[in-house]
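Colleague: Hi! Could you walk me through this one before I head back to the bench?

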Amino acid sequence: MAIGPAQIEDNFKESVKEFETIIDRQLQRASFRNSNKSVSIAAPISMSQTHFIYLKDLYLQAGWTSVEREYGDQRDPMNEIVFTK
């Protein structure tokens, strides 16, 4: 069976939903500490930048004022998503 562009788009949309579920679970366990206005969570390991762009829009629509991805630096690498209220 040949795979067409519709299947690729469907696979992408499904993976976005899976990443959203993972992120939502982490956000439910997060808290604002010391009157911070932001929360950092670990980004899902296989999430691409294209996935992040779609997810960022969803979370901005949900009420966050900023959603950014942080990678750290060479000495202190990380892969986190920072949500600001």
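Modeller: Happy to; here is a short tour of the chain, from overall layout to one charged patch. This is a predicted model, where local features need pLDDT of at least 70 and side-chain atom pairs count only at pLDDT 80 or more, while totals for chains, interfaces and linings use all residues. Residues are numbered from 1 along each chain as its sequence is written, and side-chain values use heavy atoms, with hydrogens and water left out.

Colleague: Great. How many helices and strands does the chain have?

Modeller: There are 2 helices and 3 strands, in the order α-β-α-β-β along the sequence. These are DSSP runs, numbered from the N terminus: helices are H or I with at least four residues, strands E with at least two.

Colleague: And what box do the C-alpha atoms fill?

Modeller: Roughly 55 × 35 × 20 Å, taken along the principal axes.

Colleague: What share of the residues is buried?

Modeller: Of the 85 residues, 26% are buried. Buried means under 20% relative accessible area, exposed over 50%, and partly exposed in between, with a 1.4 Å probe and protein chains only.

Colleague: Switching to charge: which residues form the negative surface patch?

Modeller: Glu9, Asp10, Glu14 and Glu18. Patch residues have over 30% relative accessible area and no salt bridge, with like charges joined within 9 Å; a salt bridge is a side-chain nitrogen of Lys or Arg within 4 Å of a carboxyl oxygen of Asp or Glu.

Colleague: Where does Glu14 lie, and is Glu14 exposed or partly exposed?

Modeller: Glu14 is in helix α1, residues 5–29. Its relative accessible area is 42%, so Glu14 counts as partly exposed.

Conventions. Patch = residues over 30% accessible without salt bridge, like charges linked within 9 Å, V, L, I, M, F, W, Y side chains within 5 Å. Areas by Shrake-Rupley, 256 points an atom, 1.4 Å probe, with all protein chains shown as cover. Lys, Arg positive; Asp, Glu negative; His and termini not counted. Charge placed at Lys NZ, Arg CZ, Asp CG, Glu CD.
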